[in-house]
Each structure stands twice: as C-alpha cells, then as structure tokens.
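Please open the model in your viewer, set it to show side chains as sticks, and follow the stops below in order, selecting residues as they are named.

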Amino acid sequence: MQQPKLSSICLAVITSALLLTSTAGFAANYKGEANYKGEAMAPAPCPQPLMLRDGLYVGANALYDSYRVRETRGLVVGAVGSTASNVVGANGWGGGIFGGYGMYFNNMWYLAGEVFIDGSSAGQATSVGRTTAASTFNTNNNFKVMMGWGVSALPGYKVNDSTLGYIRLGYAGARLRGQASAVDTTAGYSLSGSTSQWKSAFEYGVGMETAVYPDLSVRGEFDHAGYSSLTAVNTKYSATDNQYNLGLVYHFAL
C-alpha cells in the first residue's frame, strides 16, 4: 500500500485548525461576545457630575416680605387727639434681579460680592376711631413698601461639589411710604399728610444653593432687616422685615 505523502498530511492538519478557529469565532459572535462587524464595543460615557461654579453670575428671584410695623401716633385735631402705639403686619409678594462674583478658597471656603434690586407689594392700612361726649375722632394710617436695593458679602462653605451653604451680610435700602390722616367729624377739623423716603438697614440672613443643570442653580434664602423709622403727620413708622426668597442663578462659564 502507498504511504500518504508528507505534504498531504500537513495540508490536512492546517485545514482542520482553520476550521476549528472559524467555528470558535462564530460561536463567540453568536453569544454576543464580539461586535457583529468585528469592532470592540465602546463603554457608555459616564455623565459628568454637576458642579456649582464660581465666577460671575446673574439671577432672578421671587420673594415674600413679612414686615412688622410699629405705628406710634401723636395726632391732635382741634381739641381732641390720639396718642397710641400698636404693631401691624404688612405682608406681600415681590421679585427682583441680582448679580455678583464668587470664588472658592482652599476648594472649600467661598466668598462672593453681590448687588440686587427688588420690588414688593407689602403694605397695610389701619383705622382707629375714638368717640367722646363732645366729638368723634378717626385716624387712618397706611404703610407701603415700594422697592429696595442692596449690596452684600456672601461667605460660604461647600457642602459638596454641587451644593453651597452661605450667609448674607450687607446693606439694604428700601423705599417706604407712610400716610396718616385724622378727622374730628363733629367739629369739622382734619389733618393729613404722607411721606415717602429711602430707609437703610443692616441685612443678614442664611441660604443654600445647589446646581440643577450645567451653569444653572437654585437658591433658597431667609433674610432679616430692621429699617430706620419715618414720620408722617406726627405718626412714626418703625419697620422690620423677614424676607423669604427663591432664586434661579445662571453661572457664566470661565
């Protein structure tokens, strides 16, 4: 019998090896272990974590003012008058705009300078009547908040990469209006007048800001201010304000 040639044996071995390799590759592709086109599957990109930026920013806020106003009256009309002191509430909604520049120090501490302008609908009207044997005496008072502005420093501390806690320390100015009138309905005497003045206060508060989208953040804040008094027709108005606000902030990319 003729022995097979060496070349035929080698060819058979090589053919068998190629067949086994193709079968293994097909099985791997079938099981999803390789891409259909033979390309490696790229891992899905990880979303970038939100970060609260420093630098220049601007924003707008909605606010709620809760004023406490002490009205001290010393009105005299004709032969009668009213001297009294009472506290009234003057509440209302408002809104404003603000802008500033902030920086981080040692990657944790924060300091910003900020200016703001706002308006408010806070106000309150009161009426007091007094009747004697000789006359009937009525007084009317009206307190109104018109607009405000201020400049503040905001030192803070980074809670995490996307959240900042801070306090507000600064100067606030408010345009306040006081109006008073008194009438002796029996004798026919009357007295009235009003004043509108800018009053100043030291403002302080606490707030928190957190990133909600790249370059955008929201803040919630509580502030307190006690304004110097104003006087209209011998009636003095001394006002303090507790303000709650919610703001949306846009941070300019550096």
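Begin by selecting Lys 158 and Asn 107 in this predicted model, where a polar atom of the Lys 158 side chain lies 3.0 Å from the backbone oxygen of Asn 107. Lys 158 belongs to strand E5, while Asn 107 is found in the loop between E2 and E3. Is each of these two residues buried or exposed? Lys 158 has a relative accessible area of 8%, and because buried means under 20%, Lys 158 counts as buried. Asn 107, at 52% relative accessibility, is over the 50% cut-off and therefore counts as exposed.

Keep Lys 158 selected and add Tyr 104, since the charged end of Lys 158 sits over the ring of Tyr 104, at 5.4 Å from the ring centre. If you now show what Lys 158 touches, leaving aside residues up to four places away in sequence, you will find Tyr 104, Asn 107, Met 108, Thr 163 and Leu 164. For a further landmark, select Glu 209, which is 51 residues from Lys 158 in sequence but has its C-alpha 9.7 Å from the C-alpha of Lys 158.

Next, return to the loop and select Asn 106 together with Asn 107. Asn 106 lies in the loop between strand E2 (80-105) and E3, and its phi is near 55°, a positive value in a residue other than glycine. Asn 107 likewise has a positive phi, of about 65°, although Asn 107 is not a glycine. With a relative accessibility of 73%, Asn 106 counts as exposed.

The next stop concerns the aromatic rings. A pair of aromatic rings is described by the distance of the centres and the angle of the planes. The count for this model comes to 10 aromatic pairs, and one of them joins Tyr 67 and Phe 143, a tilted pair with 6.0 Å from centre to centre and 55° between the planes. Which strands does this pair tie together? Tyr 67 lies in strand E1 (residues 55-77) and Phe 143 in strand E5 (residues 136-160), so the pair links parts that are 76 residues apart in sequence. Both Tyr 67 and Phe 143 are buried.

A second pair to select is Phe 222 with Tyr 244, whose ring centres are 5.2 Å apart and whose planes meet at 50°, so that this pair is also tilted. Phe 222 lies in strand E8 (residues 216-226) and Tyr 244 in strand E10 (residues 235-251), so here the parts tied together are 22 residues apart in sequence. Phe 222 is partly exposed, with a relative accessible area of 31%, and Tyr 244 is partly exposed at 43%.

Now go back to Tyr 67 and Phe 143 and add Tyr 227 and Tyr 237, because these four residues form one aromatic cluster.

Finish with the enclosed spaces, for which the count comes to 3 cavities of 30 Å³ or more. The largest cavity has a volume of about 140 Å³ and is lined by 20 residues, of which Tyr 67, Asp 118, Tyr 227, Asp 241 and Gln 243 lie nearest its centre. Tyr 67 and Tyr 227 therefore appear at both of these stops, as members of the aromatic cluster and among the residues nearest the centre of the largest cavity. To see where the lining comes from, colour E1, strand E3 (109-120), E5, strand E6 (163-184), E8 and E10, each of which supplies at least two residues of the lining of the largest cavity.

Methods: Residues numbered from 1 in each chain as written. Predicted model: local features only at pLDDT ≥ 70, side-chain atom pairs only at ≥ 80, totals over all residues. Heavy atoms only, no water. Phe/Tyr/Trp six-rings, centres within 6.5 Å; stacked < 30°, edge-to-face > 60°. Helix = DSSP H or I, 4+ residues; strand = E, 2+ residues; numbered from the N terminus. Buried < 20%, exposed > 50% of the residue type's maximum accessible area, 1.4 Å probe, protein only. Lys NZ or Arg CZ within 6 Å of the ring centre and 35° of its normal. Polar contact = N/O pair within 3.5 Å; in protein donor to acceptor, adjacent residues only side chain to side chain. Contact = heavy atoms within 4.5 Å. 1 Å grid on protein atoms, 1.4 Å probe; cavity = no way out; pocket = protein on both sides within 12 Å on 5 of 7 lines; lining within 4 Å. Points joined across faces, edges and corners; volume = space filled by probe spheres on them.
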